[in-house]
Amino acid sequence: MTEYNPDGLEATAAWKKLQDLAPAATKLHLREIFSNESGRVETNSTEAAGIYMDYSKQRITPEVKAALLELAEERDLRGRTEDMFTGKHINVTEDRAVLHTALRDPREVTLEVDGQNVTGDVNDVLDRMGKFADSIRNGDWKGHTGKPIKNIVNIGIGGSDLGPVMAFEALKFYSQRDLTFRFISNVDGIDFAESVIDLDPEETLFIVASKTFTTQETMNNAKSARRWSLEKLGDEDAIAKHFVALSTNAELVEGFGIDTANMFGFWDWVGGRYSMDSAIGLSTMISVGPDNFRDLLNGFHAMDEHFRTAPYDQNLPALAGLLGVWNRNFLDCATVAVLPYEQYLMRFPAYLQQLTMESNGKHVTLSGNEVDYETGPIYWGEPGTNGQHSFYQLIHQGTSIIPCDFIFFARPLIDVPAEDAPDHHDLLIANVLAQSSALGFGKTEEEVLAEGVSPEVAPHKVMEGNRPSTTYMAESLTPFTLGALVALYEHSVFTQGVIWGIGSFDQWGVELGKVLAKKVLPLLVEGAEDDSLDASTVSLAARYRAKE
């Protein structure tokens, strides 16, 4: 094992081997690849934590796969993984450990980092969350006027919103249906207004999610919620019964009027986009209950252990990350479409956008040197079958090659019969399998003509295929499965970051816009001047102010 060098990617023997293999490999069609390899599916599929992964329709040969596995070894993925799991400060620009994996360790695991019993702290918070969640779910927690809470509104942004809202939608089947859940993130006042328009302040609890309790968008919305609540409740003491905080800033939380006994903390080693299984998941726990939340954590942990210990030729997250590197750097694929054939996963692509692009949207290595190769691709997607009648046309016949991740479940959570029509779930699964097949193998002009299509129309119906995809299948969408699926993508992102030598756990690109927004605001509100801003911004601010 060589010492990790973030700047040494292109000098590795495996990278050079991949460069040599790429020209011939990229000329091969998946039809030819399947024809050449007996047992192609068996050698290019694997399973762990209840998730089956078929990557046989990725455009790799056995030689390419072997070189990718060598690349993981040369880049010391195993060593970097241990550094993460054991609390080394791999977030170098913020000098922090990266320990979201500790959030889902079993109680009996002991992990001490920087002199702190991490596991003990995590379980203390989880226990407090569980008691609070139960008090809301069983009606013991009463609002200021004595009414039980019926509405839970999560106020956050980024990871403090995308994780909770994705988990709520994904696990809605398991949710307590006499409770209403809403999620506010956008500083656009419409988001707040529409979220509370039909709610009763006497029965509404707000969860304010901000580690520092200073996040501008979140606190603006929280102050609007405070005003909205007091308009009916009147008494300032009511805030303590209708607001809780996910934060570590006790002084500001108390100043807001929230009882610090109802402040649930998390730590600097939990990045926002990796925080859905921390206190940020309080709304999830209230929705599905502490037992289901623990099942979610168990799914995360199962995939964590698989990633940490399994050989890379059978390792779902490592393989997914390595295939992503191959597609990005050698097939020149700039985007990835995530296509869950499961309506409950309607927000999963949006969640992955932050997880993947905020993590690996970087242009320098950990040592600060500019990269001269491509890094993080663009992630996007929509649940099937809706996407088939939207953007699949471009995926099938467009000029851009877009690798696809298909996700489906063998058993539906709700069986909906249809009269004189195919079973809903059978039809859904027929579509996902057909789409991955069509993308992989396409239809030649000869096949089109054989169907009786005229020579003039035939070129328009040709689909060249050879569009790579990976298919993930699980039995059903349980809390455990959701945890395993999210962890799979987390570690895939990490794998790619290690290969590229970039820092996957900071997000400095997010900060500049926030700083500038504070400079622009006085131009809009007071008509102030600021020579440090560009002429276009100053002109637009003046035009906006004139239209108010």
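**View 1. Eleven named residues wrap around the second largest cavity.** Tyr4, Arg80, Ile90, Leu366, Phe494, Gly497, Val498, Ile502, Gly503, Ser504 and Phe505 make up the lining here. Keep in mind that this is a predicted model. The space inside comes to about 70 Å³. Helix H20 is the top contributor to this lining, giving 3 residues. Sorted by class, the residues around this second largest cavity are 7 nonpolar, 3 polar and 1 charged.

**View 2. The largest cavity holds about 170 Å³.** Searching the whole structure turns up 6 cavities of 30 Å³ or more, and here we zoom in on the largest of them. It has 20 lining residues, and those closest to the centre are Ala320, Gly324, Val336, Tyr379 and Asp405. Helix H14 (316-329) hands over the largest share of the lining, 5 residues. At least two residues each come from H14, S10, S12, S13 and helix H20 (479-500). Count the lining by class and you get 11 nonpolar, 7 polar and 2 charged residues.

**View 3. Six strands line up in an open, mixed sheet.** Walk across the sheet and you meet the strands in the order S1-S2-S13-S12-S10-S11. Why do S1 and S11 each have one side without a neighbour in the sheet? Strand S1 (45-48) and strand S11 (378-381) sit at the edges with a single partner strand apiece, so nothing in the sheet flanks the other side of either one. Going from one strand to the next, the twist averages 20 degrees.

**View 4. S1 and S2 run antiparallel at one end of the strand order.** Strand S2 covers residues 51-54, and its pairing with S1 extends over 4 bridges. Look for Thr46, which stands opposite Met53 in S2.

**View 5. Helices H15 and H17 both pack on the six-stranded sheet.** H15 touches three strands: strand S10 (335-340), S11 and strand S12 (404-409). Its direction makes about 175 degrees with that of S11. H17, for its part, is in touch with S12 and strand S13 (469-474). The direction of H17 makes about 155 degrees with that of S12.

**View 6. A second open sheet has 5 strands and parallel pairing.** The strand order in this one is S6-S5-S7-S8-S9. Strand S6 (180-184) and strand S9 (263-264) are the edge strands, and each has just a single partner, so one side of each lacks a neighbour in the sheet. Inside the sheet, strand S5 (residues 151-155) and strand S7 (residues 204-209) are joined in the parallel sense over 5 bridges. One pair to find is Asn151 with its bridge partner in S7, Thr204. Helix H7 packs on this sheet too, touching S5, S6 and S7, and its direction makes about 150 degrees with that of S6.

**View 7. The largest pocket offers about 1,000 Å³ of space.** Which residues are closest to its centre? Thr215, Gly272, Gln507, Glu511 and Lys514 are, out of 39 that line the pocket. Four helices give two or more residues to the lining: helix H7 (159-170), helix H9 (216-233), helix H15 (348-360) and helix H21 (508-525). H21 supplies the largest share, 6 residues. The lining of this largest pocket splits into 13 nonpolar, 16 polar and 10 charged residues.

**View 8. The second largest pocket has a volume of about 510 Å³.** Its lining takes in 23 residues, with Glu342, Gln343, His424, His425 and Leu428 the closest to its centre. Helix H17 (residues 424-441) gives the most to this lining, with 5 residues. Here the class tally reads 11 nonpolar, 7 polar and 5 charged.

**View 9. Helices H5 and H13 cross at roughly 140 degrees.** The axes of H5 (residues 77-85) and H13 (residues 290-309) come within 9 Å of each other. That crossing makes H5 oblique to H13, because an angle has to be over 145 degrees to count as roughly antiparallel. On the H5 side, Leu77, Arg78, Thr81, Glu82 and Phe85 take part in the contact, meeting Asp304, Phe307, Arg308 and Thr309 of H13. Group the residues of this contact by class and there are 3 nonpolar, 2 polar and 4 charged.

Key:
Residues numbered from 1 in each chain as written. Predicted model: local features only at pLDDT ≥ 70, side-chain atom pairs only at ≥ 80, totals over all residues. Heavy atoms only, no water. 1 Å grid on protein atoms, 1.4 Å probe; cavity = no way out; pocket = protein on both sides within 12 Å on 5 of 7 lines; lining within 4 Å. Points joined across faces, edges and corners; volume = space filled by probe spheres on them. Nonpolar A, V, L, I, M, F, W, Y, C, P; charged D, E, K, R; others polar. Pairing = 2+ DSSP bridges. Axes fitted to C-alpha atoms, helices over the stretch in contact; angles between N-to-C directions. Contact = heavy atoms within 4.5 Å. Parallel < 35°, antiparallel > 145°, perpendicular 65-115°, else oblique.
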